[in-house]
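Student: I should be grateful for a close look at one part of this model, the pairing of aromatic rings, and at its setting in the fold. How many aromatic pairs does a search of the whole structure find?

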Amino acid sequence: MTAPYRKPALFAGHEFSAFQGGDDPAEVSAIAHDTARALLSRVRDESQPDIVQKVVSFADDNGIDTLAELWSRSSAHSLPGALWRMYLIRDLIRAQAPQMSVLFSQGLSVLSTADVVVAGAPTPAGPDEMVSLADTILHGAFTGDFSGALDRSAAFCRIISAGCTAVANESDATHPERASTLTVQASRLTQTAHELAVCARLWRDSSLD
């Protein structure tokens, strides 16, 4: 029997392996890769707006757990692993838009890297703009340059991570527990950003499977 999936508040690579036991690992891996390739290929080939929107909003209608069953155990450096992380980023933003808005704005204020440009930082970075950005990034995975969408996702994670660190530093003296939580979240997001960046490089080398 498959263990229940628990959606992380903020995600790390190890937290994506939420299912344990039950199915043949080789079969699960094959299904994950086959469904990821088929989904991406069909949507990109047909490129019909209604199909793209249905795929982008799939988790809204069917639950993120459905995607977790397909892709959560996949390698971080694989096509299903990359898609899984992109859907989780969108789900995170939509579920915590006000918090993401604050952290994103904080990250923008302290970063002077290309991430601000790559992520396509909205101005202002309010909750509605965060939700729109989440849809735009995932939409781009199916209609534009897939490696570019991965790079945008990675840049977003790095900006939020910087925001977490900035708020943690401000909170350290008065709210040490909150500071500790944000520091852990920053580390997790940095790791996720690294995984997505690796996937982007692999896609450009035609070796992301």
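**An aromatic pair and its setting**

Tutor: A search of the whole structure finds three aromatic pairs (rings of Phe, Tyr and Trp, the last by its six-membered ring, with centres within 6.5 Å). The model is a predicted one, in which local features need pLDDT of at least 70 and side-chain atom pairs count only at pLDDT 80 or more, whereas totals for chains, interfaces and linings use all residues. Residues are numbered from 1 along each chain as its sequence is written, and side-chain values use heavy atoms, with hydrogens and water left out.

One of the three pairs joins Phe104 to Phe156. Their ring centres are 5.6 Å apart and the planes meet at 25°, so the pair counts as stacked (planes under 30 degrees apart; over 60 would be edge-to-face, and the rest tilted). Phe104 belongs to helix H6, residues 97-110, and Phe156 to helix H9, residues 146-171 (helices are DSSP runs of H or I, at least four residues, and strands runs of E, at least two, numbered from the N terminus). The two residues are 52 apart, and the pair thus links distant parts of the chain. Phe104 has a relative accessible area of 0% and Phe156 one of 2%; both therefore count as buried (under 20%; exposed is over 50%, partly exposed in between, with a 1.4 Å probe and protein chains only).

The helix that carries Phe156, H9, also packs against helix H10, residues 176-204. Their axes, fitted to C-alpha atoms over the stretch in contact, are 8 Å apart, and the angle between the N-to-C directions, on a scale of 0 to 180 degrees, is about 165°. H9 and H10 are therefore roughly antiparallel (over 145 degrees; under 35 is roughly parallel, 65 to 115 roughly perpendicular, the rest oblique).

Elsewhere, helix H5 (residues 79-95) and helix H8 (residues 127-143) also pack at about 165° with axes 8 Å apart, which makes H5 roughly antiparallel to H8. On the H5 side the contact (heavy atoms within 4.5 Å) includes Leu83, Met86, Tyr87 and Ile93; on the H8 side it includes Met130, Val131, Leu138 and Phe142.

As for the wider setting, the protein chain has 10 helices and zero strands. Of its 209 residues, 46% count as buried. Among contacts between residues at least 6 apart in sequence, 74% join residues at least 24 apart.
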